[in-house]
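User: Please take a close look at one part of this model, starting from any aromatic pairing. Keep it brisk, and follow the part outward to whatever it touches.

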Amino acid sequence: MMMMVRLPAMFVICILAVPLLPALGSEPPSTPVPTVGVTAASHLVGSGGHSYLDVRTEEEFKKGHVENSLNEKNTKFIEQVALHYDKEDNIIVGCLSGVRSELASADLIAAGFKNVKNMEGGYMAWVENGLAVNKPLVQEEL
């Protein structure tokens with residue numbers, strides 16, 4: 001008997017962008033992608049009803065990320081997401097500016113995930129709106 005572990009609402013998977021690179025610069029996704037603004041995304045995630053999935057590179061994630069998030073290196077995007085989320089889970093997908101997350105959202109929708117929303121403007125818009133983030137501590141020289 002397989003036991004599913006439910007993850008906290010603020011779960012983030014940071015993927016290497018390699019699987020998405022061929023799609024960058026191509027036509028917009030043919031599958032319609034629902035989009036929410038960062039303030040709405042913050043409220044949805046903060047309410048505990050949605051999880052936040054970060055699709056930036058590991059290097060981008062290390063520079064700063066949504067508060068209380070988990071970083072996991074991933075090269076098999078759909079398979080890795082399926083390990084952590086059910087296809088019925090509410091997922092907000094974000095990247096740096098909203099482009100990669102739109103492509104990732106389209107991939108998730110095409111793979112059968114039903115409640116996926118792209119976060120318009122990405123992490124940059126999140127920061128510009130003054131929403132909570134975790135940033136690395138800078139060590140001062142002695």
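Analyst: Rings of Phe, Tyr and Trp (its six-membered ring) pair if their centres lie within 6.5 Å; planes under 30 degrees apart are stacked, over 60 edge-to-face, the rest tilted. The model is predicted: local features need pLDDT of at least 70, side-chain atom pairs pLDDT 80 or more, while totals for chains, interfaces and linings use all residues. Numbering starts from 1 along each chain, and side-chain values use heavy atoms, without hydrogens or water.

A search of the whole structure finds one aromatic pair. Its partners are Tyr52 and Trp126. The ring centres are 5.8 Å apart, and the planes meet at 55°, so by the cut-offs above the pair counts as tilted. Tyr52 belongs to strand E2, whereas Trp126 sits in helix H5, residues 122–128. Along the chain they are 74 residues apart, so the pair links distant parts of it. (Helices, H or I with at least four residues, and strands, E with at least two, are DSSP runs numbered from the N terminus.) Both rings belong to buried residues, meaning under 20% relative accessible area, with exposed over 50% and partly exposed in between (1.4 Å probe, protein chains only).

Now follow Tyr52 into the sheet. E2 covers residues 51–54 and runs parallel to E4, joined by four bridges. Strands pair if DSSP finds at least two bridges between them. The bridge partner of Tyr52 in E4 is Ile92. Next to that, Ser51 has Ile91 of E4 as its bridge partner. On to the other neighbour of E4: strand E5, residues 115–119, pairs with E4 in the parallel sense, again over four bridges. Here Ile92 stands opposite Lys117. Ile92 is thus bridged to Tyr52 of E2 and faces Lys117 of E5.

The whole sheet is open and has four strands, in the order E1-E5-E4-E2, with parallel pairing. E1 (35–36) and E2 are the edge strands; each pairs on one side only. The strand carrying Tyr52 is therefore an edge strand by the pairing cut-off. E4, in contrast, is mostly covered, with four of its five residues buried.

Just past E2 comes Val55, in the loop between E2 and H2. Val55 counts as buried because its relative accessibility is 0%. Gly94 lies 39 residues from Val55 along the chain, yet their C-alpha atoms are 6.2 Å apart.

What packs around here? A nonpolar core joins buried Ala, Val, Leu, Ile, Met, Phe, Trp, Tyr and Cys residues through side-chain atoms within 4.5 Å. The largest one has 12 residues, among them Leu53, Val55, Ile91, Val93 and Val116. Helix H3 (77–84), strand E4 (90–94) and helix H4 (99–110) each give two or more residues to this core. Tyr52 and Trp126 lie elsewhere: they are in a second, separate core of 11 residues that also includes Val36 and Leu131.

H4 deserves a last look. Its buried residues are Arg100, Ser101, Leu103, Ala104, Ser105, Ala106 and Leu108. Ala104 and Leu108 also appear in the largest core. After H4 comes Gly112, with a positive phi near 100°. Phe113 is another member of the largest core.
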